[in-house]
Amino acid sequence: MPKISVDLSDEQLARLNSHAKSKGVSTRSLAQKVLMEEVDRSAFLDAARAAYPVALAAVADAPEGLR
C-alpha cells in the first residue's frame with residue numbers, strides 16, 4: 001500500500017498521539033481519516049459551488065418568498 005510521510009515536531013507528534021489515544025484510535029488511523037475527510041470536504045464544496053448558480057437559475061422565476 002502506498003504511504004506518505006509528514007514531518008512533525010516532537011510537540012506536534014505528541015499532541016497528535018494524545019488526540020488519537022483520546023479517540024481510541026491509532027495515530028495512523030486518525031491521520032488517514034482526517035486527510036480523507038479534507039479531500040471529501042473539498043470535493044463537496046467544489047460541487048456545491050458549481051451547483052449553486054444552477055440552483056439559483058432554477059428558482060429565478062419563483063415568487064420572492066419561495067426562493
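**Group meeting: a two-helix chain**

Okay, let's start with one residue: Y52 sits in helix α2. By helix I mean a DSSP run of H or I with at least four residues, a strand is a run of E with at least two, and both are numbered from the N terminus. Before going on, this is a predicted model, so local features need pLDDT of at least 70 and side-chain atom pairs count only at pLDDT 80 or more, while totals for chains, interfaces and linings use all residues. Residues are numbered from 1 along each chain as its sequence is written, and side-chain values use heavy atoms, with hydrogens and water left out.

Back to Y52. Is Y52 buried or exposed? Exposed, because its relative accessibility is 54%. The cut-offs: buried is under 20% relative accessible area, exposed is over 50%, and partly exposed is in between, with a 1.4 Å probe and protein chains only. From the C-alpha of Y52 to that of T27, 25 residues away along the chain, we get 37 Å.

Now take T27 again, this time with L16, which belongs to helix α1, residues 10-23. Those two are 11 residues apart along the chain, and their C-alpha atoms are separated by 6.8 Å. L16 counts as partly exposed, at 26% relative accessibility.

Then there's P2, in the segment before α1. With a relative accessible area of 80%, P2 is exposed. Its C-alpha is 24 Å from that of H19, 17 residues along.

Zooming out, the protein chain has two helices and zero strands. The radius of gyration is 20 Å, well over the 11 Å from the globule rule for 67 residues, so the chain is more spread out than a compact globule. That radius is over C-alpha atoms, and the rule is 2.2 Å times the number of residues to the power 0.38. Along the principal axes, the C-alpha trace spans about 60 × 25 × 20 Å. Buried residues are 3% of the 67.

Last thing, the largest pocket: its volume is about 660 Å³. It has 15 lining residues, and the closest to its centre are I4, R28, A31, Q32 and L35. Which helix gives the largest share of the lining? That's helix α2, residues 27-58, with seven residues. For the method people: on a 1 Å grid over the protein atoms alone, a pocket is an open set of points where a 1.4 Å probe fits, with protein on both sides within 12 Å along at least five of seven lines, and lining residues have an atom within 4 Å of a point. Grid points are joined across faces, edges and corners, and the volume is the space filled by probe spheres set on them.
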